[in-house]
Amino acid sequence: MASSQRSASRPSADAKADAIPWTTISVVLTALFMAVLDSFIVVVADPSIVADLHASDSDVQWVLAGYQLSYAVFIITATRLADLYGRKRIFLLGVALFTLSSVACALSPNAGSLIAARVIQGLGAALMVPQVFAYVTVLVPAARRHSVYGVLGIVMGMATIGGQVIGGLLIGADLFGSGWRLVFWVNVPIGIAMFLLAVRNVPETGSAATRKLDMPGVLVLSAALFLLVLPLIQGQQAGWPGWVWACFAGSAVAFGLFVVIERGLERRGGEPLVPLTLFRQRSFALGIVLVLALYALIYSYYLALSVTLQQGLGMSALGAGLAYTPAAIAFFLFSMVASRVIPKYGRRVLEVGAIVLASGYLATGLLLVSGPRITPLLVIPTLVLQSVGGGLVITPALNTVLSRVRPESAGVASGVLSTAQQCGGALGVAVIGAVFFSSFHPAAVGRVAAAGHAFAVASFGTFVIAVVAGMVVFLLPKRPAPQS
C-alpha cells in the first residue's frame, strides 16, 4: 500500500518539477514587451513631437538615440549587479525607473527634458531586460524551455512590429488632447501593475559564485560600447565626420583592452564581468552574430518603412500603424508555429525562415524597381512574407543563443544577448539609414517617387544583411540542445 502511494505520488512531483512558472514569466515578459516597444513606438510619434515641441531633426533623433545608447551601454553591468544583489531587486529597480521616467517623458515641456528622460528610461530598460532572459534560463526546466523561448520571441517580435501599430493607434486616439504624450503615459499604469505583481510573484535569484563587481571591466566595456554605439547612432545625421571614425577606432582599442583585462582576471581566479569561455560555445558565439544581423534588419527596415509611409506617402501615424497590422499578425502566427516545430526539426526551421525572410526583402525591392508607384497595398504582401520568415527565424534564434548556457552563467549571457540586440539595431539604422536617406530626394522627383526609390534601395540593402544572417544559420548546430 505504501509502495503504491509512493509510486502514485511520483507523477505529481515530476509534473510539478517540469511545470513552467507562468505567473512569474508573464510578469517579466510584460517588462520585456514594454522595453522593446519603447524603442519603436517613438518612431511614429516623431512628426507629432516635432510639431508640439518645435524640436529640430537632431533633437528628434536623440529622443530615440538617448534611449538606445543608455540601454546598450549599461546592460551587461546590470546583469552583474543582479548577480551580486539579486535579480528581483534589480528588476524592481528597473521597473520603477522605467515607469517614473515615462512620467517625465509624458510631462516634458521641451525637447531637452524629453531627451534626458529618455536616457533615464533606457537605464530602466537595461536593468529590466537581462533579468527576463535569466529568469527563463534559471526557473524553467530545460525540457520546457523551448516553449517559453517561443513565447519570448513572439513578445519581442510583436513589440517590434506592433510598436508601429500601437503608436499609431495611441496618437490617433489623442485622448484628452494628449497627442504623442500618450505613448509614454500608457507605460505608467502598466509599470505600476508590473511592480506590484513582481513584488508578489517574482522570486529572488542570483549567482552564488559572484562576490564582487569587476570595476575595471565595467569601465572599459562601458567606454567601448559608448564609443561604438554613439557614432552608429549619430554618424549618418552628422555626415560621417572625423570624430565618428575616431570613436570607432577608440572602441576597437577599448574592446581589445577589455579582452586583455578579462583574460588576466580569469587566469588569477577572479570574477570577470564577461567570462570569455562563453564564446567557446559554438551555438552561443554564432547565435550572437545571428542576433546582431537580425536586429540590424528589424530596426533599420521599420524605420525606413515608417519614413516612407509618413513622409513619403503623407500617411498619418494611425494609417501607418494600421499598414503594419497584417505583417504583425503573420509574425505572431508563424512564431507560434516555430515554437512548436523547433524541438522536432531543429535548425531546418531557422533555415526555412532565413530563406523566406531574405526572399521577402528581395521581392519588395524588385517589385518597387519594376515600375509601379508605391502604395501601402503594394508592399503589404511582401511585408507579410518577411514576417513569415521572421517568425520562423527570430523566435528560435533566442533559444539558440541561450539553450546551452549553464544556469550560473544565465545572467551575463542574457546581458550579452541584449547588448547584441541593441548594437545590431544601431548598426542597422546607421548602415541602412545612410543608404535610405542618401537615396531619398523628394525635391527632385516628388515625395512619393523618392520614397518608393529609397525604400527599394533599403530593401536591397536589408536583403544583403538577411543573406549574411542565413549563412550564419547554416553554421549553427543541427539539433536543439539536449534536454536535461
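1. Is helix 6 largely enclosed by the rest of the structure or largely open? Helix 6 is largely enclosed, because 22 of its 29 residues are buried, where buried means under 20% relative accessible area, exposed means over 50% and partly exposed lies in between, with a 1.4 Å probe and protein chains only. Helices here are DSSP runs of H or I with at least four residues, numbered from the N terminus.

2. A word on the basis of this note. The model is predicted, so that local features need pLDDT of at least 70 and side-chain atom pairs count only at pLDDT 80 or more, while totals for chains, interfaces and linings use all residues. Residues are numbered from 1 along each chain as its sequence is written, and side-chain values use heavy atoms, with hydrogens and water left out.

3. Helix 6, which covers residues 145-173, has a kink of about 50° centred on Gly162; the bend at a residue is the angle between axes fitted to the seven residues ending there and the seven starting there. After helix 6 comes Asp174, which has a positive phi near 50°.

4. Helix 15 runs over residues 376-402, and its 27 residues reach 37 Å from the first C-alpha to the last, close to the expected 39 Å at 1.5 Å a residue; the expected span is 1.5 Å times one less than the number of residues. Helix 15 nevertheless bends by about 30° at Gly390, and it is mostly covered, with 22 of its 27 residues buried.

5. Helix 15 also takes part in the internal space of the model. The search of the whole structure finds 4 cavities of 30 Å³ or more, a cavity being a set of points, on a 1 Å grid over the protein atoms alone, where a 1.4 Å probe fits but cannot get out, and lining residues being those with an atom within 4 Å of a point. Grid points are joined across faces, edges and corners, and a volume is the space filled by probe spheres set on the points.

6. The largest cavity holds about 100 Å³ of space. Helix 6, helix 11, helix 14 (347-369) and helix 15 each supply at least two residues of its lining, and helix 15 gives the most, with 4 residues. Among the lining residues are Gly157, Tyr302, Tyr361 and Gly390, the last being the residue at which helix 15 bends. The lining divides into 7 nonpolar, 5 polar and no charged residues, where Ala, Val, Leu, Ile, Met, Phe, Trp, Tyr, Cys and Pro count as nonpolar, Asp, Glu, Lys and Arg as charged, and the others, Gly among them, as polar.

7. The second largest cavity has a volume of about 50 Å³, and its lining includes Ser39, Phe40, Gln68 and Val429. Helix 2, helix 3 and helix 11 each give two or more residues to this lining, with helix 2 giving the most, 3 residues. By class, the lining of the second largest cavity has 6 nonpolar, 2 polar and no charged residues.

8. The largest pocket has a volume of about 650 Å³, a pocket being an open set of points with protein on both sides within 12 Å along at least five of seven lines. Of the 22 residues that line the largest pocket, Asp46, Val60, Gln237, Gln311 and Phe437 are the closest to its centre. At least two lining residues come from each of helix 2 (22-53), helix 3 (57-85), helix 9 (215-238), helix 11 (282-312) and helix 16 (410-439), and the lining divides into 12 nonpolar, 8 polar and 2 charged residues.

9. Helix 9 has 24 residues and reaches 33 Å between its first and last C-alpha, close to the 34 Å expected at 1.5 Å a residue, and it carries a kink of about 35° centred on Leu232. Helix 9 is followed by Gly239, whose phi is positive, near 85°. Trp240 lies in the loop between helix 9 and helix 10 (242-267) and has a positive phi of about 55° although it is not a glycine. Trp240 counts as partly exposed because its relative accessible area is 27%.

10. On cysteines, the count comes to 0 disulfides, a disulfide being a pair of cysteine sulfur atoms within 2.5 Å. For Cys247, the nearest cysteine sulfur, that of Cys423, is 14 Å away. Cys247 counts as buried because its relative accessibility is 13%, and Cys105 counts as buried at 0%.
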